[in-house]
Every structure is written in structure tokens, then in C-alpha cells.
Amino acid sequence: MTTHSTQCSSATLCHSLSDDDEMGGAQGVELRLVTSEEDETEAGPISDVTALVLRHRHGYRRAGMLLCACGVIVFTAAFLLAYGVLSGRYHCSQLGDQDEEQQRGGANSLAGGGAGLYLGELRVMMRRLLQDEDIHNTVSRVSRAPHPPGSSEGTALASEILHRFQQLQMDHTWTESLYATLQFPDRTQRSSLRLVDSAGLILEQISLNLSDFCPYSATGTTMGGVVYANYGRQADFNWLKSAGVSVTGCVVVMRVGGGVSFAEKVWLAERNGAGGVLIYPDPADLPQDPRRLGLNTHTAVSEHVHLGSGDPFTPGFPSFNHTQFPPIQSSGLPFIPALPITATIAAKLLSQLSGASCPPSWRGRLPYVRCVVGPELNAGRRVQLSVHNKMMPILLNNIFSSLEGRVEPDQYIILGAQRDSLGPGAVKSGVGTAILLELARTFSVMVKNGFNPRRSLLFVSWDAGEFGNVGATEWLEVGEPINRLSTGDDVLSAYTSPLLVDLLEAAIRQVEHPKHAGQTIYSQAEREGGSWRIVKPLYLNSGAYSFTAFAGVPAMELRFTERAYPFVNTPLDSASRLQEVLGGRLGVTGRSVGELVGEMVLRLAHDHILPLRITSYAQTVLQFSAQLNRHSAELQSRGLSPQWVFSARGDYSRAAEMLQRAIDYSDLHDPTTARFYNTRIMKVEYYFLSQYVSAVETPFRHVIHGRGNHTLSALTEHLGLLTSDPKRFDERRFRRQLALFTWTLQGAANALNGDVWRVHNAHSH
């Protein structure tokens, strides 16, 4: 897809645990995930996961464990599939003889409840019922005007969606409301950008668009020189440091994209000592040619800058009913002001810079701009940046509608979409909402025509997605599962936890490509170099990342792309522009995305055993063990032994393989057996969340996909210092990192073993 950040929708599967299963307050989510917008892979375990997923291709409440697949399209919408087992209770009396499906839900297996409809027949019914025109009409309606949370337009749209759910005669339809702290531009004091002389006297007031802002920016004024930092990645700041260019106290100008979200850009700039941040869309990244469809040079791209998700003033716990909480602030809120600017303003500033020349790869396409990094401006000028935003409590509304499962109603699949948008939001909210409503209509008709879903289906319209998945995250923080998904047009990419590769591959083998008639998505991918190219590691700025890295939910983000769609997060994200970019195929493309999501819903609602590859992480840890082994002599000379990691890795690998063999040789028609194994499968991702760090201070607790000193990536980076910079190697810190990772890995192994008499901790006494 393009390099700009996008909202994604997701399909999530959730499993709720009993109180005894819950692990030390692991239910709080305050993050807004991962982004990097990677093409884009980070070092360490992220690279390991990339290799892992490629190798695999070849070779009502208290939900504790979630499983989610999230997807994005060229126009980023939001969707989610989720699966949950409530309170860990067995409802075997409801299963009994009704459980006549085959283990993997093949085309000849009966659909849930033994209603006489085969999975293949359900696919045909679903494809016949999905309507292109309804999707196009809904996108147009949703994106007719900006509809931010709390606005009259947003409230009217929420009422319309509630009414449409009620018209479908679902089993249950309801709303849940909550107050959350959001940030908007201050109406009494405008943000400003000025050029000043060496004495601080104003030389020029630069005109800004009043609607352009970064939600959750710090407020205040900063003044200093200007440094150009390319995309604002850590590697970019490292280059500046190596070139002797200090950003301390300066206003850093960065380009949109580069595999990093706005939140990451601001966080990295702050960590390197910057006084403020300006972010602009460069024509090299987002088309701005007036002769074709693209941004104009007077349009900025906006995005929130909270390095987390949910209400940043109730991190890790919910904010329902406007309850008063202790004054806790998310560690992901920035302390420096940030503002989005247009390409025209960026050219004005960067054309006045002097200093060292930038690397060739940093050169954008701004007219009349010579690529230098600063920090000096002509004639001793400086920049004064003032940001004036205001925090305010806003009433949010999440809307729910459900179809009850006929066999296991306490298990459910969730499909959700972001509803709000600061702009028209054809991609940000229109597409996801349209597909959500169309799938709700389709499945409700299927039920009336004989489909008896084994598990319940829950359709959700989330509020405040623009501010970091606030509505969805707050719902999750009360112990419930969530997420989002969306679509594009030509090339499919799946940013995923390795556990979900099998589910994805089965789905793309069934769905026709939206642009290539007669070809499935899988067959077209094989023609274009291999379907393995579809699979990529998770990245930070997606709802999928937060589910995996924070909540321990296997997550997937899907992207269909053809050409750059530069209007996301701008006032130009309209249905007409989206239709033009897609060559008039908006409805057709939306229908294909709906079919892909629907195919996964059918599988999740139908299969006896969840289609997750539980052995996947064993290979990731094996790769790290090999790195440790190469440094074994040096570590032992420092009194550090990697033996505990080797032992824990072996325990995990054996436990995963034993569980998989037990599943393969079990009678999965027995409802108690199937339920027993599904409960353990759902814990795999969850137990990779470190229980030894705070969810408030370190929200991304997953040791493979997360962020922080407890993660495998941090451990790998620190280990590399033994050869690259031995003086910086900190034995005490490394010992702690190694212990945290080992304990978490051993806990995952013990959880997979299940029975206490199968648990053998070689390092215990």
C-alpha cells in the first residue's frame, strides 16, 4: 500500500477466561499500536517473525484471550472478527448429538447445528446475497461530511446505524456509552507557526489550516532552529547524530510515511531532544501532481500522536460512566508540540535551511528545495511553533447487534468497524461501516434461510477510532474483545501473527480476486510471484498490533492495494475520489472484501478446532537461541548462562508439538474434547504477554511483538552490543532482560502442557 498511515479493520477471535485463568491484570489496553507502516520491518524478532511466517507458508463479557484478524484496504476502513469463550464454562449439554461437523470444516461438512446446510452451500448463499450497490451507497452516506465523535453529524450517523441494525430483526441490538478524554483544537486560541529573528521578533506569520491538528499533541510554544529528519525513524536520527547534527531544542521537520506512525515520529524526536515536530506529505510519497488525482500542495495529513490506544487518561482501565479515576496519564503521551503542515509550508521552511547535505535517499520532491539538514536558517532566523489544543470529555457510543449461535451461543465471532472520522472519511470509516452493515444484512438473511451458526455473531460499530481506537479499547478494558478490518483493490498483503497463516490461506483459496475475474486471490498471488509474499509481520500503527502486543490476541491486518490513495487522514477522503481511484469499482471491491471477511467468519463459526498454528513461535525462539549460542563463550566469561533460555525453548517446542499431536489423534466430534483443546489453543498468544511489566507503563507486553526492555527485540539488540560496542553492554540489565524473557517463555510452555504433572521446570529447585 502507500506509505501513509491507515486505519485498519480487523477480524478478531477472542477467548474469555475464567477468573482463575486471568493473569495479573492483563486485561488493560492503553495502546494504539504498532505502526510503523512497514514495508518495513524492524530488526530483531520482527525479522524473525517475517522469516517465520514465510516458512509457514511453505512447510456476553470478561473476554480474556482474544484472537483477531485485522485488515486494511487501499482506503483504510475498520473491521474485526472475534471469537470468544465466555467465563471458561462448558455448555456441553447444549452440544451433545448436534455436533456432527467434520474437524476442519471441509466443503462437505455440515454447518453448525446440523441444519442440513453444508459449508459449500453456505458460501454460495453468502456470495449470492452480498450486494455491491448497498456498499457503494453506504460509503457515500457515511462520508458526506466530517463526523468526529460527539458532533451532531456523528450522533446522527450513530442513530442511523442503530436503526439499520434494528430493521434487520437481529436477536439483540443495543448501545453502550462511555465518556473518554479526546483532544480538539482550542476555539479560543489558535495554533500558529512563525518565522522570527534572532531577537524573537516576528518576521512572518505562516498561514495554517485551522482544522489541521495532531490529536494528543502537547500544548505550548517552542522556538529554535529547524532540522530535517527524513521520515523521523530511529535510523534517521542515528544518521543525524553521526553527522554531528544535534536536534536538541530544534523543530524537527519530517515526512509522512517511512514505516513509522505520527506517534512514533514524535516519540523518537522527543527522545532525541527535539523541541517540536512538523510533519508534511512529500510529493515523493503521496502524489501531488495537479494533472492527475492526488493531494494538492495546500493539504496536510493529520493523525493522532498518542503512542498507545484508548483514553490516555485511563491507561489500562475503562472510563465508563465518566467515573473519576486517579490522575494517571498514559506514558505514551508526548511532551513536545506537534503539528501537521502542508507541502507548501514545508518547502518554505526547508528552502531556507543551511548545513550538511542530506543522504541521497532523503531527497524528496519539494520544488526549489535543496536537501540539507540544518539546523540554521537564512539570516539567523528561527521558527516559533505554538500548539493550542484542548482536552475535553466526549460521550462515545458503541453500537452492537448480534445473532445467537445455535450450538455454542457463549462463543462468538465479532465483526466491527470504525464509525467516526475527522474528515469525510470514505476510507477511514465509510468502507468499514458499509461492509459491516452488508455482512450483518447478509448473515441475518442466511439465518432466516436455514443457516444455524454454531457460534454467535456480534456486529459492532465503534466510536472514536480516529483518536487511537478509543471506543474499542475502552470496551476491551472492561474485559471484552474488539478490533477492525478494511480493503483495497489489487494486491493483498496480510500483516499477521504467525498463528493465523493457515486461516488466511484457506480463505484466499475460496475468494475471487476483485480485479481478475475467474481467479482466486490465492491463484493470482501465485501468478505474481507466490502467495507467500502476502504474509508480512505486524507493524505498530494498527488495531491488529494492539490486540497482539497488548492483549495477546493473534491478529491480522489485510490490505488490498493497487495505486496510492493519498487522501487518507485529509479533508479530501471522499467517496467520489475513492470511486475514481478504484476506476468505478468501489462496490465490487467492497463486496470482495466482504466475501473474504465472510469466508473467515464461516470458518470460525464452523470448525471444531480453531485453525491456529500453535507451533509457530518455537522457530522464532530457536533463531534467538542460535544467536545466544554464538555468544555463549563471551556470556559465560561474564557470568551469564543462556542455559535457562535453551531449557525453556525446548519445553515450549515439546509442549506445542505434543498438543498438536494430541489434537490430530483425538476424537474432535466429542464436544468436551474439542472445547478442552480450543481453550488451550486460545492461550498460546496470551501467554507471550509478560506478566512482569506494568500495562500502564509498558502497554505492549508481548515478548515477541511488543515494545520495551522485556521484548525479544530489545534482548537481541542488547546482545548485538557484545560485538558492535562492548563498552555499552550492561551485564546487569542484560541479566534482567534474559530472566524476564525466559520466565515468560517458560510460562507459555507450562500453559500449553496444561496438566500440572506435565510441567517440569528444569531450573526450579
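Here are some notes on helix packing, aromatic contacts and a few backbone oddities in this predicted model.

1. Let's start with helix H19, residues 671-681. This helix is mostly covered, with 8 of its 11 residues buried. If you want to click through them, the buried ones are Pro671, Ala674, Arg675, Tyr677, Asn678, Thr679, Arg680 and Ile681. Note that two arginines, Arg675 and Arg680, are on that list.

2. What does H19 meet in H18? On the H18 side the residues are Leu659, Ala662 and Ile663, and they meet Tyr677, Arg680 and Ile681 of H19. Those H19 residues also turn up among the buried ones: Tyr677, Arg680 and Ile681. As for geometry, the axis of H18 (residues 643-664) comes within 11 Å of the H19 axis, and the two cross at roughly 155 degrees. Angles over 145 degrees count as roughly antiparallel, so that is how H18 and H19 run relative to each other. The crossing is left-handed.

3. The other helix pair worth a look is H11 (residues 501-508) with H15 (residues 586-606). Here the axes are 9 Å apart and the packing angle is about 120 degrees. Roughly perpendicular stops at 115 degrees and roughly antiparallel needs over 145, so H11 is oblique to H15. Handedness is right-handed for this crossing. From H11, the contact takes in Leu503, Ala506, Ala507 and Ile508. Their partners in H15 are Leu596, Glu599, Met600, Arg603 and Leu604, so to speak a mix of side chains that includes Glu599 and Arg603.

4. On to the aromatics: a search of the whole structure turns up 16 pairs. One of them is Phe624 with Phe741, an edge-to-face pair with 5.8 Å between centres and 75 degrees between the planes. I'd pick this one out since it links distant parts of the chain: Phe624 belongs to helix H16 (residues 616-630) and Phe741 to helix H22 (residues 731-753), 117 residues apart. Are these two rings buried or exposed? Phe624 is buried, at 0% relative accessible area, and Phe741 is buried as well, at 1%.

5. There is also an aromatic cluster, made up of Phe184, Phe213, Tyr216 and Phe467.

6. Two arginines sit over rings. Arg509 lies over the face of Tyr522, 3.9 Å from the ring centre. The charged end of Arg707 is placed over the ring of Trp267, and there the distance to the centre is 5.3 Å.

7. Now the backbone. Where is the cis peptide bond? You'll find it between Gly374 and Pro375, with omega at about 15 degrees. Pro375 is part of strand E13, residues 372-377.

8. Two residues that are not glycine have a positive phi: Gln169, at about 55 degrees, and Asn230, near 55 degrees. Both are in loops. Gln169 is in the one between helix H5 (152-167) and strand E4 (172-185), while Asn230 is in the one between strand E8 (226-228) and helix H6 (234-242). Their surroundings are another matter: Gln169 has 61% relative accessibility and counts as exposed, whereas Asn230, at 1%, counts as buried.

Conventions
Residues are numbered from 1 along each chain as its sequence is written. This is a predicted model: local features need pLDDT of at least 70, side-chain atom pairs count only at pLDDT 80 or more; totals for chains, interfaces and linings use all residues. Side-chain values use heavy atoms; hydrogens and water are left out. Buried means under 20% relative accessible area, exposed over 50%, partly exposed in between (1.4 Å probe, protein chains only). Helices (H or I, at least four residues) and strands (E, at least two) are DSSP runs, numbered from the N terminus. Rings of Phe, Tyr and Trp (its six-membered ring) pair if their centres lie within 6.5 Å; planes under 30 degrees apart count as stacked, over 60 as edge-to-face and the rest as tilted. A charge sits over a ring if NZ of Lys or CZ of Arg is within 6 Å of the ring centre and within 35 degrees of the ring normal. Axes are lines fitted to C-alpha atoms, for helices over the stretch in contact, and angles run from 0 to 180 degrees between N-to-C directions. Angles under 35 degrees count as roughly parallel, over 145 as roughly antiparallel, 65 to 115 as roughly perpendicular and the rest as oblique. A crossing is left-handed if the near helix is turned anticlockwise from the far one by less than a right angle, and right-handed if clockwise. Contact means heavy atoms within 4.5 Å.
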